[in-house]
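I opened this model to take notes, going from the whole chain down to single residues. Here is what I looked up, in order.

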Amino acid sequence: MRARHLTMMGLGSAIGAGLFLGSGVGIAVAGPAVLVSYAVAGLLVVLVMRMLAEMASAVPASGSFSVYAERALGRWAGFTLGWVYWFTLVMVLGVEITGVARIVTGWVPGVPQWGVALAAVALFAVVNLVGVRQFGEFEFWFALVKVVAIVGFLVVGVALALGWLPGTDPVGTSNLLGHGGFAPTGLGGIAAGLLVVVFAFGGIEIVTIASAEARDPQRAVARATRSIVWRILLFYVGAVGVMVLVLPWDAPQLVDGPFVAVLELAGLPGAARLMEVVVVLALLSAFNANIYATSRMAYSLAGRGDGPRALRRVSRRDVPWVAVLVSVVLGLVAVALNWLLPDALLGILLNAAGASLLVVWVLVAVSQLRLRPRLEAAAGPAGLPLRMWGYPWLTWATLVALAGVVVLMLTDDAARAQLAATAGLVAVVVGIYVVSQALRRRSARASGGPAAESGA
C-alpha cells in the first residue's frame, strides 16, 4: 500500500457514524462549547498518534501497538492489548453491519435485514481476500466519498452562515453566543461532552497496523499520520462548528440528525435520504477497514505464539485468509447477537468495547516512554524517522490527561458501566494469558523441554 491508501484508511475508519450521528448528542449536553470538548479530545488523539507513529515508523509491524507493548512491558501486555483490541473490533463489526442493514431495509422493506448483512459481509470478505493492494485501492475510493461529503457539507454550511444561499441572511453569532451563552451547561457540560466525543476518533490507529504492508513503510506511515490528524480535526471541529453556528444548540433536530438539519435549513431537497446514503457508505467503509485490522492483529498474535497457528495461513497473494474468514464469521455472529440475544447482554458486550480505546491509548503512551531510548539507540546517527514532541514530558502529560478522562467517566453512570465492563474484559484476557502460560510450562515439563517464557 502507498501513503494515500494509509491516509484514506485512517480517515475512513475514524469518520463514521460517530460524526454523522453522534455529534448531535455532544451538542445537546455541552452546547456550542462542545467545540472545546472536540478540541481537547482531538489534541489527545494527535499526541497518542504521534507516539504510535514514532514507534510504527521505526518498527513497522502488523501487530502495531500490541507488538510495541510486548517489547516494552512483556509478553502479557502484547497478548492482552492485542486480543482486547481484536474483541473490540469484532463487536464493532456487528454494530456497523447491523446499522447498514437497518437503513437499507428502510429503503427496500421487502428485503430482510439478514439478507442485506450477508450480502455486505460476502462483498467485503472478497475485497479483503483478493489482495492488500486491491483492498487499499477499494478503501481509498470508499473513504474518499465520505471526505467529499464532509467537504461539501462545510461549503454549504459556510455559505449558509454567510447568507450566500438564496433566501438566507448572515447568521452572525446569535446561535453561538445566545441561548444561554457559549457554554450554557458550564464546565460540567464540557466534561460531559468530552465523554461523548472522546471515542469518536477511534479507528485512526489502523494506519499503523497497515504500515507493515506499505511501500516504504517508514516514510509512508510518517506522511499518513501527519496528514490524517489535522484533516480529522478540521472535519470534526469544522462540521460541528457549522452546526452550532447556524442552529440553536438546543434545537431538537440537531439530536435527531445534525447533518440533515443543516442541509434542510439550506433548502437542499432530499437531504435526509442523501445523508442516509452517506452514513451507509461510512459504515461500510469502516466495516471494510475493521475486517483488515482484526485479521492482521490476529495474524500477528498467532505469529508470536499467542493465537491458533491456523491464523498464520496465507494465500498466494500473502493474505492471511484464515484470519480474514474468522473475522468475517464472527462479525456475522455479532450481527446475530443484535437480533437474537436480550439487549442487556449486548449492552454489556458493547460497553466492554466502548472504553477499551482508553486501554489502547494508555498502553501506547507507556510503551513509547519505555521504547524511545531503545529505538534511538537502534537508529544510530541517522536518528528516528519521526519523533514524539517534548519527550518525555508531553507523554507524561498525555497519561495524566487520560487519567483525567477515567476520573470523569467514574462520575457518569453510563460511562462508569463502560469502565467496569472493560475492566472485566481485560481481566478475562489476562486470565486466559495466565492459564495458557501455565499450560505451556506444564506441557514443557512433561516433555522434558525448556519451560516456555512467561513474559511476566
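**Burial.** I started with burial across the chain. Buried residues account for 52% of the 456 residues. I kept in mind that this is a predicted model.

**Fold content.** I looked up the secondary structure next. The chain has 20 helices and 0 strands.

**Size.** I wanted to know how the radius of gyration fits a globule. A compact globule of 456 residues would come out near 23 Å, and the chain has 22 Å, so the two agree. I also took the extents of the C-alpha trace. Along the principal axes they are about 85 × 55 × 45 Å.

**Contacts.** What share of the contacts with a separation of 6 or more comes from residues 24 or more positions apart? I found 79% for the chain.

**Surface and charge.** I noted an exposed area of about 18600 Å² for the chain. Carbon and sulfur atoms supply 68% of that area. Then I turned to the charges. There are 30 positive and 20 negative ones, and their mean positions lie 14 Å apart.

**Helix α8.** I picked this helix to check its span. Helix α8 covers residues 132-162, which is 31 residues. From first C-alpha to last it reaches 44 Å, close to the 45 Å expected at 1.5 Å a residue. I then stepped past its end. Gly163, just after α8, takes a positive phi of about 75°.

**Arg296.** I looked for this residue in helix α15, residues 271-303, and found it there. Is Arg296 buried or exposed? Its relative accessibility is 2%, so Arg296 counts as buried; the cut-off is under 20%. I listed its contacts, leaving out residues up to four places away in sequence. Arg296 touches Ser62, Val132, Ile209, Glu213, Val319, Pro320 and Val324. Among these partners is an acidic residue, Glu213. Val132 belongs to the list too, and residue 132 is where helix α8 begins.

**Gly82.** My last stop was in helix α6, residues 75-107, where Gly82 lies. Gly82 has 0% relative accessibility and therefore counts as buried. Which residues does Gly82 touch, not counting those up to four places away in sequence? I found Ser66, Met297 and Leu301. Met297 and Leu301 carry numbers within the range of helix α15, residues 271-303. I also took one distance. Gly82 and Phe201 are 119 residues apart in sequence, and their C-alpha atoms are 19 Å apart in space.

Note on methods
Residues numbered from 1 in each chain as written. Predicted model: local features only at pLDDT ≥ 70, side-chain atom pairs only at ≥ 80, totals over all residues. Heavy atoms only, no water. Helix = DSSP H or I, 4+ residues; strand = E, 2+ residues; numbered from the N terminus. Expected span 1.5 Å × (residues − 1). Rg over C-alpha atoms; globule rule 2.2 N^0.38 Å. Buried < 20%, exposed > 50% of the residue type's maximum accessible area, 1.4 Å probe, protein only. Contact = heavy atoms within 4.5 Å. Areas by Shrake-Rupley, 256 points an atom, 1.4 Å probe, with all protein chains shown as cover. Charge placed at Lys NZ, Arg CZ, Asp CG, Glu CD.
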